[in-house]
Amino acid sequence: MRLFRSAAVLAAAAMFLFGCASSGGAGSSVEGQDDLEAADTAGQEDPGAVANPQIDTGERSIVYEAVLEVQDADAEGVAEEAWDLAESYGGFVTADERDRATGEEDSYSSAHLVLRVPSERFTEAMDGLAALAESERYRAVTTEDVTEAVVDLDAHIATKSASVERVRGLLAEATSVTAILELEAELAEREGELASLEAQLEDLQDRVALSTIDFTVVAPSAPAAEDYGGPDSFWDGVVVGFNGAVGFLVVVSVVIGVVLPFLPVAALVAAAIILPIRLARKRRKAGALAAAAGPATPVP
C-alpha cells in the first residue's frame, strides 16, 4: 500500500513539472502576438481619451482657390507688380510663365503666375491684383470646407501615435527573438501609416493657411486692318497714279536691261535656224521653175 501511494505521488509530481515546462515554451512563442493584441485592446478601452470627434463650428477650415484674368498693354509691368503685391501680403509666387511677342519693341504679350497668399488676405489680394491692370476679363472663386477632414486626420494621428508608442514600449520589454522581430515589423508598418496621415494633414493645413490664385495678364490684340486702303481725294489719286506709272516704267526698264545682253545671242541663234531654211526653199523653187520650162530649143 505504501509503495502504491509513493508511486502515485511521484507520477503526480512528474506531470506537474512537465506541465510547467510546456506552459513556459508556449508563452515564449506567442509573446509578440499577445503583446500586440494587448496594445490594440488598450487603445480601444477609452476612445474618447484619444481624440474628441466634436467639430468646433466657430472656426472652419476653408480652402480658397481662384482664377483671375486681366488685360493690360504692359503685361510684364503688371506681372512684376503682382510679385511685389504677393510679397507685401506675406505670400509668394510658385510659378511664373511669360510669352514674349515678336516685334520691334520685343515686349511681353502675356504672363501667367500662380500666387500663394494668406487666406485672411485673400479678398484683398484679389481686388489688388485686378486693380493692377487696365481691365478685368475673368474671375472665378472656389471654396472647399475641409473642417471634418482635418478633425478626422487629427483623431487618426492621435490614435496612431499612441499605438506606435505602445508598440515601442512592448519592443523595449520583449525578450525572445521571435517577439522582437514581430514587434519591429509591426512598428515599421504603424510608423509608415502615421507618416502618411501627418503628410495629409500638413497638406490640408497648408491649403487652408495659404490660398492659391491663378493670375493671368494679357496684352490687348492689335487692331484689325481696314479693308479699303486707297486714296481719299482726287489729288491723292493723281499722286498714286503717277507713282504707279513711274513704278511701271521702272519695271519695264529693268526688264529691258535684263533682256538686252541676250539679244545678240538670240539673233545668232535665229540666223542659224532661219537662213538654212530660206536657202532650202529657194533651191526647191528654182528646181520647180526649171522643170516647168522644159528642154531648151536650139537656135538656127
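# Asking how the labels are earned

Guide: This predicted model holds one cavity of 30 Å³ or more, and the largest cavity has a volume of about 30 Å³.

Visitor: What makes a set of points in this structure a cavity rather than a pocket?

Guide: A cavity is a set of points where a 1.4 Å probe fits but cannot get out, whereas a pocket is an open set. One cavity of 30 Å³ or more is found here, so its points are ones from which the probe cannot get out.

Visitor: Which residues line the largest cavity, and how do you know that they belong to the lining?

Guide: The lining is made up of Leu85, Ala86, Tyr89, Leu115, Val117, Ala125, Leu129 and Ile213; a residue counts as lining because it has an atom within 4 Å of a point. Helix H4 (75–88), strand S3 (108–118) and helix H5 (122–132) each contribute at least two residues to that lining.

Visitor: What classes of residue make up the lining of the largest cavity?

Guide: There are eight nonpolar residues, no polar and no charged ones. Tyr is counted as nonpolar in this scheme, as are Leu, Ala, Val and Ile, which are the kinds of residue named in the lining.

Visitor: Why is Arg168 called partly exposed?

Guide: Arg168 has a relative accessibility of 38%, and because buried means under 20% and exposed means over 50%, a value in between is called partly exposed. Arg168 is located in helix H6 (residues 147–173).

Visitor: With which residues is Arg168 in contact, leaving aside its neighbours within four places in sequence?

Guide: Arg168 is in contact with Leu187 and Glu191, where contact means heavy atoms within 4.5 Å. The C-alpha atoms of Arg168 and Leu187 lie 7.0 Å apart, although 19 residues separate the two in sequence.

Visitor: Is Glu202 buried or exposed, and why?

Guide: Glu202 is exposed, because its relative accessible area is 57% and the label asks for over 50%. Glu202 is part of helix H7 (residues 177–209), and from C-alpha to C-alpha it is 9.5 Å from Val150, which is 52 residues away in sequence.

Visitor: How much of the protein is buried?

Guide: Of the 300 residues, 22% are buried, that is, under 20% relative accessible area. The protein exposes about 20700 Å², with carbon and sulfur atoms supplying 61% of that area.

Visitor: Where does UniProt list a "transmembrane region", and what is the chain like there?

Guide: An unreviewed UniProt entry lists residues 248–275 under that name. Over residues 248–275 the chain is 89% helix and 0% strand, with its end C-alpha atoms 37 Å apart. The protein as a whole has nine helices and five strands.

Definitions and conventions
Residues are numbered from 1 along each chain as its sequence is written. This is a predicted model: local features need pLDDT of at least 70, side-chain atom pairs count only at pLDDT 80 or more; totals for chains, interfaces and linings use all residues. Side-chain values use heavy atoms; hydrogens and water are left out. On a 1 Å grid over the protein atoms alone, a cavity is a set of points where a 1.4 Å probe fits but cannot get out, and a pocket is an open set with protein on both sides within 12 Å along at least five of seven lines; lining residues have an atom within 4 Å of a point. Grid points are joined across faces, edges and corners, and a volume is the space filled by probe spheres set on the points. Helices (H or I, at least four residues) and strands (E, at least two) are DSSP runs, numbered from the N terminus. UniProt positions are given in the numbering used here, feature names are shortened, and annotations may be inferred rather than shown by experiment. Buried means under 20% relative accessible area, exposed over 50%, partly exposed in between (1.4 Å probe, protein chains only). Accessible areas come from the Shrake-Rupley method with a 1.4 Å probe; for residues, only the protein chains shown count as cover.
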